[in-house]
Amino acid sequence: MNTLKLDLGADGVAIITINLPDRPVNVFTSAFVNDLQAAVEEVLTNVAIRGAVLTSGKSGFIAGADLKDLVDAFDQGIDAVQASHRFDRENAVMRRIETGGKPFVAALNGLALGGGLELALACHRRLLVNDPKAIVGLPEVTVGLLPAGGGTQRLPRLIGIEKALPLLIEGNTLKPAQALQLGIVDELVDVTGLLEQARRWVLDNPEASQPWDVKGYRIPGGAGCLAAHATRSFQFGTTLAKAAGAQNYPARLAILSAVFEGTQLPMDKALAVEAKYFGTLLANPVARNLMRTMFINKGAADKLVRRPVGPAKSTVHKLGVVGAGMMGAGIAYVSAAAGVQVMLLDTNADAAARGKDYSRRILDKAIERGTQTRDKADAILALIEPCSDYAAFDGCDLVIEAVFENREVKASVIGKTEAVLAPDAVFASNTSTLPITGLAECSKRPDHFIGLHFFSPVERMPLVEVIVGKKTSEQTIARALDFVGQLRKTPILVNDSPGFYTSRIFSTYTDEGMAMLAEGVNPALIENAARLASAATSPLAVTDEVSLDLQKSVIDQAHKDGLEEKFLRLHARPVVELMNFLGRLGRKSGGGFYEFPQGGKKHLWQGLAEHFPLAPQQPDVETVKDRLLYIQALETARCVEEGVLNDAADADLGSILGLGFPSWTGGTLSLIDTLGAQAFVTRCDELADAFGERFRPSVWLRARAERGERFHPRNDAA
Ligand code: NAD
């Protein structure tokens, strides 16, 4: 047994300490389940043992299932029936714990999530250490699954369906005090007394059993459609599930069904119901996509998997930010919040001070909400120094420019900054469109020059696109990634090209929306199709947010620069021109595709009907959805073909975290893999025939499809 050890005390209480070797946290693995089974049998069959305490040798208890194993299971072709048996052994050992006749106590010395909490729920008593880091919860829904270790059955039996459902279908985690209040744990205990109190409970309760295994047990608040809360809880749950896109995220409805059906049955039958619904979810690509992109690959990106290994780890102590506008002010805030000293420079002291006010406003709101203290807020603000003299950049490890999107302005800023910058300091541009290699020509040290593309609003958007110019050195890449890690944001690494990756994909999305509008597709259909696909934004609404004059200047610049036709956005340009001509620039001008009535709800502008008359024949919603999603996936594939992207995980993460591409797809390249490259190419050809050559797949993509190549290689090992 190398994943746990069993120590038998003189009082007959066994302490089972879980501690998986070579793992930072405890997770359910096959070896662990074997060991747990053996330990539980030892407790139940050895007459010298009176009961057991389950605890962990790591700082947390158990973090849940090993998601990598579940991704592999999907990739190896598991079907719904096989998948429903995936946790049979885990469930059998948990039933042995609860029905074996001896008391088991979970002494939760740290966080207990997913399977970790489920194991605790199968114990007769739960003691949780009173430490804010010791969170508990069943977050499976967030990766497209349901808790399949009895969580959908034991939690409602313990605290009632009405309280359990929100936790199951939203997947929120709870702090110790909340867990106690809801009755999920029985006691909060100081860490020093944890084992002793658990041991005492075992000795005092030799006859422990679970309430739901006692004849006559009723679920608190009742179960089934006649329970007083049933209409409230299940209708509310179904509405919530549908609002969040039940057609794209099937886990919520599956959880509701498992709870509704299972809570009317005895425990063993209830577990079989849970297993059946779990099987349908694990065999569905949505869960694989969510686990792989949003958990495994995001985790790896956060740990800087793409960082060159050679250069030594670096830390930014002093940061310079040029331009205290929307982006610069946001970058200053997140950096100061991460403990970095920030010199925030603008053309004059007032403009720089206004940039600092942005942080003050964010912090004041946080204090009002109770999520920030005045002392900490003051400490963050003290780190930001507004200035207008470049001498302030003396001693900076990194300077980020976020001035107007204009090459001449940026060139002047680069020159002035480099005049005071230490030779080894890094200069980064937050440009969203100007190629980094071109900007680096204004620098005397292009090897120290890089793109750090933040998203707006900086304090809320988790992604940073790191753009590598032709001359950017490995050392500069490493230092830029270290800085993104310092901010606790997720970096993706992209090679230089017009629009890099995210801006390029973003414009295919907005442009497709505008092209459809010009063809006479009902704008409500365009916007609703995006919502039905669970995209974070709809194309016309988001264009109003970024503004149509900005779109015009980007398109005009592309024409002026003589870029290739594919970057000229010819199918969207007439709409952009017309909206500019009409003075409808978006939210900032009081209206664009939408009206923004004072104090009222925004709605599509009636005038669209006059300028973009509806075509007599409207497309079906699936076609509109396909156009919006496929054009982005196809452009991503082009970025891989052109070497803008080297890594499929970066493509997926960038599309979801930066652009709001629907997460159920796993991202743009996961979408192609999930559909199958051949099917994707065939559908793109149909769309190209009907709507334009921009949908035509390249020779390269066709050849890959014919060879059956995937962007994410499958782990086929049995
Ligand atoms: P903004 O207009 O809000 O702010 C620009 C700031 O730069 C202003 O405060 C201005 O006074 C200052 N500035 C201009 N010239 C200067 C100079 N020579 N020296 C010092 N300060 C100067 O613009 P923004 O939206 O914050 O965008 C800034 C940059 O970030 C642009 O390159 C833009 O493309 C990029 N970007 C913007 C977004 C976005 O959503 N707005 C997203 C990503 C990247």
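Mentor: Contact means heavy atoms within 4.5 Å. Keep that cut-off in mind for Leu-540. The model is predicted.

Trainee: With which residues is Leu-540 in contact, leaving aside its neighbours within four places in sequence?

Mentor: Gly-513, Met-514, Leu-517, Pro-523, Glu-527, Phe-593 and Tyr-594. Leu-540 itself is found in helix H22, residues 539-546.

Trainee: Why is Leu-540 called buried?

Mentor: Buried means under 20% relative accessible area. Leu-540 has 0% relative accessibility, so Leu-540 counts as buried.

Trainee: How far is Leu-540 from Ala-283?

Mentor: Their C-alpha atoms are separated by 35 Å. Along the chain the two are 257 residues apart.

Trainee: Why is Ser-534 called buried?

Mentor: Its relative accessible area is 16%. The cut-off is under 20%, so Ser-534 is buried. Ser-534 lies in the loop between helix H21 (523-532) and H22.

Trainee: What is the phi of Ser-534?

Mentor: Phi is positive, about 65 degrees, although Ser-534 is not a glycine.

Trainee: And what makes Ser-547 buried?

Mentor: A relative accessible area of 3%. Set that against the cut-off of under 20%, and Ser-547 is therefore buried. Its phi is near 85 degrees, a positive value in a residue other than glycine. Ser-547 sits in the loop between H22 and helix H23 (548-560).

Trainee: Which peptide bond is cis?

Mentor: The one from Ser-456 to Pro-457, with omega near -5 degrees. Pro-457 is found in the loop between E15 and strand E16 (463-468).

Trainee: On to the ligand. How many residues surround the ligand, and which are the closest?

Mentor: The count is 22. The closest are Met-327, Asp-346, Glu-405, Lys-410 and Ser-432.

Trainee: Which elements each supply at least two residues of that shell?

Mentor: Helix H14 (326-337), helix H17 (407-420) and strand E15 (449-454). H17 gives the largest share, 3 residues.

Trainee: What makes the pair between the ligand and Asn-430 a polar contact?

Mentor: A ligand oxygen is 3.0 Å from an N or O atom in the side chain of Asn-430. The limit is 3.5 Å between N or O atoms, so the pair counts. A ligand oxygen also lies 3.0 Å from a polar backbone atom of Met-326. For a polar backbone atom of Val-403, the distance from a ligand oxygen is 3.3 Å.

Trainee: How much of the ligand does the protein bury?

Mentor: Taken alone, the ligand exposes 830 Å². The protein buries 76% of that.

Trainee: Now the interior. How many residues has the largest nonpolar core?

Mentor: The core has 79 residues. Those with the most contacts inside it are Leu-119, Leu-145, Leu-146, Leu-155, Ile-184 and Met-291. Helix H1 (residues 30-45) contributes the largest share of this core, 7 residues.

Trainee: Which residues is Leu-155 in contact with, its neighbours within four places in sequence left aside?

Mentor: Among them are Leu-121, Leu-138, Ala-164, Leu-167 and Ile-184. The glycines Gly-150 and Gly-160 are also in contact with Leu-155.

Trainee: Which residues does the second, separate core include?

Mentor: Tyr-249, Leu-290, Ala-648 and Ala-677 are included. That core has 65 residues.

Trainee: Last, how is the protein divided?

Mentor: Into domain 1 (4-283), domain 2 (318-497) and domain 3 (503-643 + 647-707). The C-alpha centres of domain 1 and domain 2 lie 45 Å apart.

How values were computed. Residues numbered from 1 in each chain as written. Predicted model: local features only at pLDDT ≥ 70, side-chain atom pairs only at ≥ 80, totals over all residues. Heavy atoms only, no water. Domains from an automatic or database assignment. Core = buried A, V, L, I, M, F, W, Y, C linked by side-chain atoms within 4.5 Å. Buried < 20%, exposed > 50% of the residue type's maximum accessible area, 1.4 Å probe, protein only. Helix = DSSP H or I, 4+ residues; strand = E, 2+ residues; numbered from the N terminus. Near = heavy atom within 4 Å. Polar contact = N/O pair within 3.5 Å; in protein donor to acceptor, adjacent residues only side chain to side chain. Areas by Shrake-Rupley, 256 points an atom, 1.4 Å probe, with all protein chains shown as cover.
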